[in-house]
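Visitor: Could you take me through one part of this model up close? I'd like to look at a single helix and what sits around it.

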Amino acid sequence: MANLSGPILQLQPSMKILLKVQTFFGKSSKLFINPLAPNSVGGKALDLHHLFVEVTSRGGIEQVITDR
């Protein structure tokens, strides 16, 4: 039988701090986003890998900003 007394999921130290801050401010606080939630902009899902590929194929962030 497995020992379940220890933590099942090991969190990175930065994630532990984020969770403590979220708990301090309350779970309904809009100051922090859920790091496990999908990325979105304007309520629409955002594929970060696709965004990275597009920006780099267009010459990088500086070029994209200049060309807009």
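Guide: Let's start with the overall layout, keeping in mind that this is a predicted model. The protein chain has three helices and two strands, and read from the N terminus the order is α-β-β-α-α. Of the 68 residues in the chain, buried ones make up 6%. The accessible surface comes to about 6600 Å², with 63% of that belonging to carbon and sulfur atoms.

Now for the close-up: helix H2, which covers residues 48-57. Have a look at how H2 begins. A side-chain oxygen of Asp47 reaches to within 3.1 Å of the backbone nitrogen of His49 at the start of this helix. Leu48 belongs to H2 as well, and its relative accessible area is 44%. Because that value falls between the 20% and 50% cut-offs, Leu48 counts as partly exposed.

Leu48 also has some nonpolar company on the surface. Together with Val41, Leu46 and Leu51 it forms a nonpolar patch, and the four share about 330 Å² of accessible area. Val41 brings in a bit of strand S1, which spans 40-41.

While you're around Leu48, glance over at Pro38. The two are 10 residues apart along the chain, and their C-alpha atoms are separated by 9.9 Å. Pro38 lies in the loop between helix H1 (13-25) and strand S1. With a relative accessible area of 72%, Pro38 is exposed.

Next, follow H2 towards its other end and pick out Glu54. Glu54 forms a salt bridge with Arg58, and the closest N and O atoms of the pair are 2.9 Å apart. The general idea is familiar: side chains of opposite charge can pair when their charged atoms come close. Here the 2.9 Å separation is within the 4 Å cut-off, so the pair qualifies as a salt bridge. A search of the whole structure finds one salt bridge.

How covered are the two partners? Glu54 has a relative accessible area of 26%, so Glu54 is partly exposed. Arg58, on the other hand, counts as exposed, at 55% relative accessibility; the cut-off for that label is over 50%.

One last stop, just after H2: Gly59 takes a positive phi of about 100 degrees there. So, walking along this stretch, you pass the Asp47 contact to the backbone nitrogen of His49, then Leu48 and Leu51 of the nonpolar patch, then the salt bridge from Glu54 to Arg58, and finally Gly59 with its positive phi.

Notes:
Residues are numbered from 1 along each chain as its sequence is written. This is a predicted model: local features need pLDDT of at least 70, side-chain atom pairs count only at pLDDT 80 or more; totals for chains, interfaces and linings use all residues. Side-chain values use heavy atoms; hydrogens and water are left out. Patches are made of residues with over 30% relative accessible area and no salt bridge: like charges are joined within 9 Å, nonpolar side chains (Val, Leu, Ile, Met, Phe, Trp, Tyr) within 5 Å. Accessible areas come from the Shrake-Rupley method with a 1.4 Å probe; for residues, only the protein chains shown count as cover. A salt bridge is a side-chain nitrogen of Lys or Arg within 4 Å of a carboxyl oxygen of Asp or Glu. Helices (H or I, at least four residues) and strands (E, at least two) are DSSP runs, numbered from the N terminus. Buried means under 20% relative accessible area, exposed over 50%, partly exposed in between (1.4 Å probe, protein chains only). A polar contact is a pair of N or O atoms within 3.5 Å; within protein, one must be able to donate a hydrogen and the other to accept it, and residues adjacent in sequence count only if both atoms are side-chain atoms.
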